[in-house]
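Subject: Handover of a structure and notes on its contents

Dear colleague,

Please find below the structure that I am handing over to you. My notes on what was found in it follow directly after.

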Amino acid sequence: MLGRRVLLRTAVAAGMVGVAGVAALETGAIPGRARLHEALGLTGPDGVVPDVPAGPVVSGSFNSFGRRTEVGYSIIYPDGYDASVTLPVVLVLHGRGGDHTSAINDLGIDRYLTATVRAGTPAFALATVDGGPNSYWHRRADGNDPGFMLDQEFLPLLADRGLRTGRYGVLGWSMGGYGALLWVALQYWQRRVRPGSRAVAVGALSPALYREYDEVQPGAFDGPEDFDQSQVFGRPVGFRDVAVRIDCGRDDPFAPAAHELREQLHAAGGQQAGAHTPGYWRRMLPDQLRFLGGKLGQ
């Protein structure tokens with residue numbers, strides 16, 4: 001039931017744009033629904049970073065042949081676990097404009113990890129890496145290939161540090177949410193998975209999914225052919241035996257495509273109050289981390 005304050009806000013909004021205008025906003029017939037819902041307090045609260053200690057973080061860099069540049073990374077452990085301990089691992093793919101530091105600096109994922117493990121989820125580590133600010137996590141015409149980097153360089157690095165990479169998870173938001181789903185979709189199609197190593201669980205927050213090329217943001221793909229080759233839809237074989245969770249806010253522009261893919265894959269997750277914001281991603285991180293950690297702990 002809507003509270004009195006929200007009802008008053010709605011009445012004001014209706015008076016400003018008219019009842020027909022509000023109806024059109026709600027159905028998406030005219031733009032501005034997300035802004036209206038934010039003003040009415042209908043996009044949900046921002047996630048609050050847990051007040052718990054962060055665990056050890058090991059950061060470094062390596063010269064990536066796949067990315068054609070120096071690549072930074074961070075390995076995040078839950079509080080109470082030494083950085084030398086052997087744990088399952090989840091790859092973390094950042095959003096557009098981000099890098100390997102974004103998961104901690106923008107989302108506080110290090111503290112969410114501690115809180116998740118303290119609440120009873122089997123312990124695991126998170127591994128973030130630079131995929132490029134606008135790569136969309138797939139091979140580009142300029143030779144930048146984040147997928148090669150993940151498969152042939154980053155996973156072996158994690159294994160050398162003692163992490164369990166035979167069965168791993170993947171998590172991403174926005175551009176990284178699309179990248180996480182694409183990585184799983186292509187792991188069988190392109191036969192790029194190292195022997196004895198495969199993704200068994202994937203979580204996507206507000207994945208940047210496009211159904212038509214004329215909808216894509218500039219720079220996301222190199223052209224129509226690249227767009228078609230880098231599709232997540234219509235590739236169910238890649239998700240065979242993979243646990244999938246997709247969450248997206250109802251006021252997110254990617255919500256319809258995320259809903260369609262979730263239905264196609266019979267994935268966990270859903271559409272909640274929210275928009276394409278770090279506040280929404282923080283709010284959903286506990287559910288995503290419990291899902292991934294639980295699957296790795298089976």
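Of the contacts in the protein chain (heavy atoms within 4.5 Å) between residues at least 6 apart in sequence, 73% join residues at least 24 apart. Please note that this is a predicted model, in which local features need pLDDT of at least 70 and side-chain atom pairs count only at pLDDT 80 or more, while totals for chains, interfaces and linings use all residues. Residues are numbered from 1 along each chain as its sequence is written, and side-chain values use heavy atoms, with hydrogens and water left out.

The protein chain has 10 helices and eight strands; these are DSSP runs numbered from the N terminus, with at least four residues for a helix (H or I) and at least two for a strand (E). Of its 298 residues, 55% count as buried, a term that stands for under 20% relative accessible area, with exposed being over 50% and partly exposed in between (1.4 Å probe, protein chains only).

Strand E6 and its partners

Strand E6 covers residues 198–205, and seven of its eight residues are buried. Strand E5 (residues 164–173) runs parallel to E6 and is joined to it by seven bridges; strands pair if DSSP finds at least two bridges between them. E6 also pairs in the parallel sense with strand E7 (residues 243–249), over five bridges. Ala201 of E6 appears in both pairings: Gly169 stands opposite Ala201, and Ala201 stands opposite Ala243 in E7. Together with helix H8 (residues 224–229), E6 and E7 make a right-handed β-α-β unit, right-handed meaning that, with the strands pointing away from the viewer, the path from the first strand over the helix to the second runs clockwise.

The loop between helix H7 (175–189) and E6 holds Ser197, which is buried at a relative accessible area of 5%. A polar atom of the Ser197 side chain lies 2.7 Å from the backbone oxygen of Thr165. This is a polar contact, that is, a pair of N or O atoms within 3.5 Å; within protein, one must be able to donate a hydrogen and the other to accept it, and residues adjacent in sequence count only if both atoms are side-chain atoms. Leaving aside neighbours within four places in sequence, Ser197 is in contact with Leu155, Thr165, Gly166 and Tyr168.

Aromatic pairs and charges over rings

The whole structure contains 10 aromatic pairs, counted for rings of Phe, Tyr and Trp (its six-membered ring) with centres within 6.5 Å; planes under 30 degrees apart are stacked, over 60 edge-to-face and the rest tilted. One of them is the edge-to-face pair of Tyr178 and Phe221, at 6.0 Å centre to centre with 80° between the planes. This pair links distant parts of the chain, as Tyr178 is in helix H7 and Phe221 in the loop between E6 and H8, 43 residues apart. Tyr178 is buried, with a relative accessible area of 3%, and Phe221 is buried at 9%. Ring pairs link both residues with Tyr136, Tyr213 and Phe227 into a cluster.

There are also charges over rings, where NZ of Lys or CZ of Arg is within 6 Å of the ring centre and within 35 degrees of the ring normal. The charged end of Arg211 sits over the ring of Phe233, 3.9 Å from its centre, and Arg68 lies over the face of Phe65 at 4.7 Å from the ring centre.

Helix H5 and its surroundings

Helix H5 (residues 109–118) is largely enclosed by the rest of the structure, because seven of its 10 residues are buried. These are Ile109, Asp110, Tyr112, Leu113, Thr114, Thr116 and Val117. The cover over them includes strands E2 (69–76), E3 (88–93), E4 (125–129) and E5, along with helices H4 (102–105) and H10 (278–296). Just after H5, Gly120 takes a positive phi of about 120°.

Leu126 lies in strand E4 and is buried at 0% relative accessibility. Not counting residues up to four places away in sequence, Leu126 touches residues including Ile109, Leu113, Val90 and Leu289. The C-alpha atoms of Leu126 and Tyr77 are separated by 6.7 Å, although the two residues are 49 apart along the chain.

Strand E1

Ser64 is in strand E1 (residues 57–64) and is buried, with a relative accessible area of 2%. Its side chain reaches the backbone nitrogen of Gly66 at 3.3 Å.

With kind regards
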